[in-house]
Protein chains: 2
Amino acid sequence: MPPHRRIDVVFDSVKRLQRIGATANLLNLLQKQHPADLAEVFSELPARERRSLFDTLLERNSRLAMQAISELEPEVRVPLLVEYPADELARFFQEVPSDDAAAVIDDLPDTLSASVLEVMRRKESDEVQHLLDHPDQTAGRIMNPDVFALSEDLTAGEAIAALQQSRDVEMVFYLYVVDERRHLVGVISLRRLLLVSPETSLKRIMTADLTTARVTTDQEEVAQLVASYNLLAIPVVDDENKLVGVITVDDVIDVIKDEATEDIYRMAGVSSDEHIFTSARESLRKRLPWLGVNLVTAILAALVVRLFQSTIDQVVALAAFMTIVASMGGNAATQTLTVIVRGIALGELTWSNSRKALVKEAMVGIGNGTILGFVGACFAWWVVGNPYFGGILALAMVINLLIAAVAATLIPIALRALRIDPALASSVFITTLTDVFGFFAFLGLATLFIEYLV
Amino acid sequence: MPPHRRIDVVFDSVKRLQRIGATANLLNLLQKQHPADLAEVFSELPARERRSLFDTLLERNSRLAMQAISELEPEVRVPLLVEYPADELARFFQEVPSDDAAAVIDDLPDTLSASVLEVMRRKESDEVQHLLDHPDQTAGRIMNPDVFALSEDLTAGEAIAALQQSRDVEMVFYLYVVDERRHLVGVISLRRLLLVSPETSLKRIMTADLTTARVTTDQEEVAQLVASYNLLAIPVVDDENKLVGVITVDDVIDVIKDEATEDIYRMAGVSSDEHIFTSARESLRKRLPWLGVNLVTAILAALVVRLFQSTIDQVVALAAFMTIVASMGGNAATQTLTVIVRGIALGELTWSNSRKALVKEAMVGIGNGTILGFVGACFAWWVVGNPYFGGILALAMVINLLIAAVAATLIPIALRALRIDPALASSVFITTLTDVFGFFAFLGLATLFIEYLV
């Protein structure tokens, strides 16, 4: 989507070649594709064709097949892999960088991942195990432990020679410089290395003031560092400032996308690990709890309405107009919530300026409430034929939009202070809150001034 | 936020040094900061202090001041710049890369930006003007025209020599290779250049199969290319495949963040150019139209309720329970909408699999509707004391959750087909739609079976 992407053409060819059983041509086509494109082809194929295509590719070019596996969503790749015995899997995992291997192995059933790690070559299995020992979503978990580092005592010429002999190090563009005990002491860009004479010592040309992440740093914080300082990679150090890994900008892009998805999903009451083709059964299971919470809060709102049932009994038009107050409050709250949650995620909302944000949102709430309340009041007056009815509607809207603005600002800020993800202040909660307050304000005012309404 | 970031310490020091007028110390501190950090300090200062700090820094280190300006939001930087005469501004803009200059100049008032471009040195002003000639959000607009390219006839040794003499080219890590008429013919990584002997011809070691963007390519598509192929930069070519610029991964990160913000905002009915500290007046102006649309649709929903006013008059409990049907539909729709819109944005939902998505969402809708409807029905039976009342509530919930799922899947897909941003199918519209259908289903069924309810 757009309709005619290059990948769609590849997809159609794959299906055709599979159907006519032209395996040689099929493999030829697959091997010309980027792993990311292969992953997309796999995702779109029906389960049976996917299985057969994957088996074919794995047999011929297991490296490429495993690279494609790294790019797939867990619910697509796990079923493909679990069919293979642990010793074959172990061999396949040795073909990909250990950070990618760790991410995939982590999704496998526990017994299978344990056997795979047991059979893998010692060095690789240790690396993967070491990554998996770090908590989820930390720098230590997503870093690549194969980092290219050189001793500070080398010269530029020796460094270039070392670089020429290095194999399998991921996307080198910074050379990290370490002391004799592997403490990180500086960084040199590849370009800088070219600009100096070969006998220059690294110590003289390195930048000692460099941005690092600790193994325990949250991946979102790592992404913010890389993004704000325009880095291509960030070195990861342990508690003693020893260099243990590197996170490259391509991994950071994945983190940024995942975190944005997570925020968008949470605000809408969707689990962050849900995916467009999560099975219907799984999606239902994941969404039901949120809707269950919503049912409870919606019942609460309904009970508020029931409190005022006798008022509605006297002025039945209230039933129609109370929905306007609630709906406006919900949408205004969603607007405020979105700006605040995104402001926190982008690091723009801080402690020092949160009061300013509150005052601003409150003013916007009162302003919108007044303008929209006036319009709504005129309409209600016209329909119901009673100016007081309109006045009560307007007043309830101002109150509800103010409450909406304050709640939608304070709740995410409070959650953040408690180190809970502010996106969990999802519109599910906020909109029911504004329902409850909207009904309460409107029907409460109507009860108070019932003599003007009947 | 977290409370004690390094930048907060800098911020406090800046305020203290400003207050006691210690300008030399202040400048010293500022010049040690990264432009991104300076931008954050500027954002958080009150307008007067910001102005004075910026003037101080600009006078001493205009390059750093302008780099910080590039990182600021438009509503913060424009007021800082408009105070300066055009000829001074022109001089300042010459200090930053032309893509950054173009982005800032574009935000200035038209007469000022025209005078600035007139006074700038010919080469820079042409470059900026050329960028601004490309439509917003295209590769041509955000690329850096200063791209490092070499003739295919050179050797590796000559290429290294050329690189050593180059100045002011942004973050070189790929060398682009062009023919005598500047057509892009290949790419070589800096690392590869180091690995071959100096007399090797570039033609022999370059990769001819490379991913490019056209000047007209949408920035979101550029970001998807860079992200899926793990690129550090992507060359931009014109209609004749001539190399005209490069987009680096740091710019792509900005695009990814902006596009995510835009999607999140649009879905909530917030303008994509709104920002956490947009003034209250401006925010009100930007949000009011969305809420105005919501008012109209909410009035529609209220009119649906009024249609059934005589039914409510007979069974007033309907007024309380109708809000449950509407609220559940709204939240279920938001869940589906979010998954679909994000799936489109991440390129996972395509033409070929959209039917599958529809079937899945419909099944989830029916499933959730049945389970939650059953719970809601039991509760309603218990409160109202009439099993038929509960049955009608359950049936209305199934119908409304099914409609919610189908609408929230089809509307964004249809918008995408019409080349309209699917995120515009914001929850504002969808939730009112589910309000209307929810009220209609519940009150309609109640009217149909009124004899069982009274």
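## Two helices that meet across the chains

Let us start where the chains touch: helix H17 (residues 280-307) of chain A packs against helix H20 (residues 354-384) of chain B at an angle of about 35°, and their axes are 9 Å apart. Two packed helices are described by the angle between their axes and the distance between the axes. The crossing of H17(A) with H20(B) is right-handed. Keep in mind as you look around that this is a predicted model.

Which residues of H17(A) take part in the meeting with H20(B)? They are A:Ala280, A:Ser283, A:Leu284, A:Arg287, A:Leu288, A:Leu291, A:Gly292, A:Leu295 and A:Ile299. Across from them, H20(B) brings residues including B:Lys360, B:Met363, B:Asn368, B:Ile371 and B:Phe379. Sorted by class, this contact of H17(A) with H20(B) holds 12 nonpolar, 5 polar and 2 charged residues.

## The partner pair

Now swap the chain letters. Helix H20 (residues 354-384) of chain A packs with helix H17 (residues 280-307) of chain B at an angle of about 35°, with 9 Å between their axes. H20(A) and H17(B) cross in a right-handed way.

On the H20(A) side you can find, among others, A:Lys360, A:Val364, A:Gly367, A:Leu372 and A:Val375. The residues they meet in H17(B) include B:Ser283, B:Arg287, B:Leu291 and B:Ile299. The contact of H20(A) with H17(B) is made up of 12 nonpolar, 5 polar and 2 charged residues.

## How the two chains are related

Two copies of a chain are related by a rotation about an axis and a shift along it. What turn lays chain A on chain B? A turn of 180° does, with a shift of 0.0 Å along the axis and an RMSD of 0.1 Å. This is the relation of a two-fold axis. The same surface is used by both copies, as 100% of the contact residues of chain A recur in chain B.

## The whole contact

Stepping back to the full contact, chain A gives 92 residues and chain B gives 92 residues. Which helix of chain A supplies the largest share of the side that touches chain B? Helix H19 (residues 317-345) of chain A does, with 16 residues. By class, the side of chain A that touches chain B counts 53 nonpolar, 25 polar and 14 charged residues.

## Domains of chain A

Chain A is split into domain 1 (6-137), domain 2 (149-265) and domain 3 (280-453). Taken over C-alpha atoms, the centres of domain 1 of chain A and domain 3 of chain A are 48 Å apart.

## A sheet in each chain

Strands of a sheet pair through backbone hydrogen bonds, either parallel or antiparallel. In chain A, 3 strands make an open sheet in the order S1-S2-S3, and the pairing is mixed. Strand S1 (149-151) and strand S3 (184-189) of chain A are at the edges with a single partner strand each, so one side of each has no neighbour in the sheet. From one strand to the next, the twist averages 35°. S1(A) pairs with strand S2 (residues 174-178) of chain A in the parallel sense over 3 bridges. To see one of the bridge partners, look at A:Leu150, which is matched with A:Val177 in S2(A).

Chain B has an open sheet of 3 strands in the order S1-S2-S3, with mixed pairing. Why is one side of strand S1 (149-151) of chain B left without a neighbour in the sheet? This strand stands at an edge and has a single partner strand, so one side stays free of a neighbour, and strand S3 (184-189) of chain B is placed likewise. Strand S2 (residues 174-178) of chain B and S3(B) run antiparallel and are joined by 5 bridges. Here B:Val177 stands opposite B:Gly186 in S3(B).

Methods:
Residues are numbered from 1 along each chain as its sequence is written. Chains are lettered from A and ligands numbered from 1 in the order in which they are written. This is a predicted model: local features need pLDDT of at least 70, side-chain atom pairs count only at pLDDT 80 or more; totals for chains, interfaces and linings use all residues. Copies are superposed by least squares on the C-alpha atoms of residues with pLDDT of at least 70 in both. Two residues are in contact if their C-beta atoms, placed from the backbone, lie within 7 Å. Domain bounds come from an automatic or database domain assignment. Two strands pair if DSSP finds at least two bridges between them. Helices (H or I, at least four residues) and strands (E, at least two) are DSSP runs, numbered from the N terminus. Ala, Val, Leu, Ile, Met, Phe, Trp, Tyr, Cys and Pro count as nonpolar, Asp, Glu, Lys and Arg as charged, and the others, Gly among them, as polar. Axes are lines fitted to C-alpha atoms, for helices over the stretch in contact, and angles run from 0 to 180 degrees between N-to-C directions. A crossing is left-handed if the near helix is turned anticlockwise from the far one by less than a right angle, and right-handed if clockwise.
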